[in-house]
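User: I've got a model open and I'd like to go through the labels people put on it. Can you walk me through what stands behind them?

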Amino acid sequence: MMDFGFSLSKSSTMDLGKVDDLRFEQLCRLEPGAGICIGCGSCSASCPAGRLSGMSVRKVLLALQRGRSAGEMLQCCMLCGKCTMVCPRGINTRNLILSICKIYD
Amino acid sequence: MIYEGKQRIWSEYQKDIPDDNWYYVRSCIRQNFFPASERMFTEITRNVLGKDIYETPHHTTCGGIAYHCDTIPQETVMTIVARQFALMTEAGYENYCPSCITSFGNYAEILETWREFPELEARIREDLWKACRREFNKPKYLAHSSDLIYHWRNEIAARAKHKLVNAVTGEPLKIVEHIGCHYAKMFPSKGVGGAEYPYVLAGMVESWGGQVIDYPERRHCCGYGFRQYHVKANRGYSLSNTHKKFESMEPYHPDAIITNCPGCPYFLDRWQYVIAEQTGRTYGGNGFGIPVLTYEELAGLVLGYDPWDLGLQLHQVAVEPLLDKMGVEYDPAAKYLGLNREDIMRPELPTSIKCF
């Protein structure tokens, strides 16, 4: 193989047809708000733990929608409820976080 | 859908292209990458179609490369462009035709900016006067040179010596058309077919007998992206974009790719070599790559010009498989004979992709 000093990057393409969404559907049954999130990031912006730990509810939900695991990030959550107060869709984010921990643990 | 309604909607995606009297400006890089393309444009339009195409040696860069690399401010680019318009005005033309897609996007962006902010246009007029004592009229029509070939595609088809048809099987050749991003993604109303249904190259392929391939990554960038290539640390990103396109089009077995941008044919052509050397993967049949041609080169082949006069020997990917399919006659021994049949020397051949 010839070295050009640069090479192909790993593809980030996702085949949503191959994503196992059974657990996400279960999550939506426990907390229907999971299905109406618009990914605005208000929850992450207002999260007091996010600044210190890198935790982001938006990132976690996006990863779960794509069939990836990210539940461990939520271990830093203090259930303070600030995200519930700022959510423009009125999602019960506390229940969302607890439901994620229940299903994905 | 009702036919008349469909026609009405489609008419909104068209643009006015005057039939004659164009002021033509060349690209900075195309003459190095594919040196015969612009020469062939003037040859076809002037000598075959009998059109008035004017160009001047006083033309300079439009500043588009530097602008898109974030190295000069837009006001500087505007003053450069104002000078180009002054040259057009002095020559007595009002239809402006750039050969480069980035120039086309640059001109479209500047004309739109001046329309929105007339005070900025007034300032640029003043700057131009202070810099070189020139004045200008804005072009009445702006069209990319591929728009003109599209406009005259049926006249070219009427004079065709070869069609985009497999000479053995009689089947239409499968062609991938790749539009430069700066053609219609920035200002959709400025391109034929807009950003959603760009028809400028597809129209040529269909008129000349070929079949356009629709594949998932058809509208994906070629990967050039200026800073993605110019900064070596980002070059893998450029390569990966091109790789993504080839992986997407390969299952449809394209016979050739036609492009209308300076960067796209270069990267789609050269990166095939790099991908082959790095991964061993080739996308044409029998270890060859997929030939990548500019629309002028393809028009030249259709009109029966000698492939070596079209500069096809300067492509990285061998074009011979396409020439054989089209039934174009060529002399393999003359491939590396230049002007006056002087030997221009043979390149070192790659190890992983077949070339002649």
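User: Let's start where the chains meet. How many residues does the contact take from chain B and from chain A?

Analyst: Keep in mind that this is a predicted model. The contact takes 11 residues from chain B and nine from chain A.

User: Which part of chain B gives the most to the side that touches chain A?

Analyst: That's α13(B), with seven residues. Both α13 (235-249) and α14 (263-279) of chain B supply at least two residues each to that side. By class, the side of chain B that touches chain A has three nonpolar, four polar and four charged residues.

User: What makes α13(B) and α14(B) roughly perpendicular to each other?

Analyst: The helices pack at an angle of about 95°. Anything from 65 to 115 degrees counts as roughly perpendicular, so α13(B) and α14(B) get that label. Their axes are 10 Å apart.

User: Which residues make that contact between α13(B) and α14(B)?

Analyst: From α13(B) you have B:S238, B:L239, B:T242, B:H243 and B:F246. α14(B) answers with B:F267, B:L268, B:W271, B:V274 and B:I275. Sorted by class, the contact has seven nonpolar, three polar and no charged residues.

User: On to single residues. Why does B:S103 count as buried?

Analyst: The cut-off is 20 or more other C-beta atoms within 10 Å. B:S103 has 26 C-beta neighbours inside 10 Å, so it counts as buried. You'll find B:S103 in helix α6 (residues 101-116) of chain B. Leaving aside neighbours within four places in sequence, B:S103 is in contact with B:V25, B:S27, B:C62, B:G64 and B:P98.

User: How far is B:S103 from B:T79 in sequence and in space?

Analyst: They are 24 residues apart in sequence and 14 Å apart in space, C-alpha to C-alpha.

User: What makes helix α11 of chain B "mostly covered"?

Analyst: Just a count: α11 (residues 200-207) has eight residues, and seven of them are buried. Those are B:V200, B:L201, B:A202, B:G203, B:M204, B:V205 and B:S207. The buried residues pack against several elements of chain B, including α8 (145-151), β5 (174-178) and α15 (295-303). After α11(B) comes B:G209, with a positive phi near 100°.

User: How do you know that both faces of strand β1 in chain B are covered?

Analyst: Check the residues on each side of β1 (residues 22-25). B:W22 and B:Y24 are on one side, B:Y23 and B:V25 are on the other, and all of them are buried. This fits a broader rule: in a regular strand the side chains alternate between the two faces of the sheet.

User: What makes β1(B) and β2(B) a pair?

Analyst: Pairing takes at least two bridges. Two bridges join β1(B) to β2 (residues 53-54), and the strands run parallel. B:W22 stands opposite B:I53 in β2(B). β1(B) also pairs with β3 (residues 95-98), in the parallel sense over three bridges. There, B:Y24 has B:C97 as its bridge partner.

User: Why are β2 and β4 of chain B called edge strands?

Analyst: Each of them pairs on one side only. The open sheet has four strands in the order β2-β1-β3-β4, with parallel pairing. β3(B) and β4(B) pair over two bridges, with B:Y96 opposite B:L142 in β4(B).

User: What is the strand order in the open sheet that holds β5 of chain B?

Analyst: It runs β6-β5-β7-β8, again four strands with parallel pairing. The edge strands here are β6 and β8 (292-294). β5(B) and β7(B) pair over four bridges, and the bridge partner of B:I175 is B:A256 in β7(B).

User: Which helices lie on those strands?

Analyst: α11(B) lies across β5, β6 and β7, at about 160° to β5(B). α14(B) packs on the sheet too, touching β5, β7 and β8, and its direction makes about 165° with that of β8(B).

User: Last one: which residues have the most contacts inside the largest nonpolar core?

Analyst: That core has 92 residues, and the ones with the most contacts inside it are B:V81, B:L201, B:V205, B:A256 and B:I258. Apart from it lies another core, of 18 residues, among them A:C43, A:M55, A:L61 and A:L96.

Notes:
Residues are numbered from 1 along each chain as its sequence is written. Chains are lettered from A and ligands numbered from 1 in the order in which they are written. This is a predicted model: local features need pLDDT of at least 70, side-chain atom pairs count only at pLDDT 80 or more; totals for chains, interfaces and linings use all residues. A nonpolar core is a set of buried Ala, Val, Leu, Ile, Met, Phe, Trp, Tyr and Cys residues joined through C-beta atoms within 7 Å. A residue is buried if 20 or more other C-beta atoms lie within 10 Å of its own, exposed if 12 or fewer, and partly exposed in between; C-beta atoms are placed from the backbone. Two residues are in contact if their C-beta atoms, placed from the backbone, lie within 7 Å. Ala, Val, Leu, Ile, Met, Phe, Trp, Tyr, Cys and Pro count as nonpolar, Asp, Glu, Lys and Arg as charged, and the others, Gly among them, as polar. Axes are lines fitted to C-alpha atoms, for helices over the stretch in contact, and angles run from 0 to 180 degrees between N-to-C directions. Angles under 35 degrees count as roughly parallel, over 145 as roughly antiparallel, 65 to 115 as roughly perpendicular and the rest as oblique.
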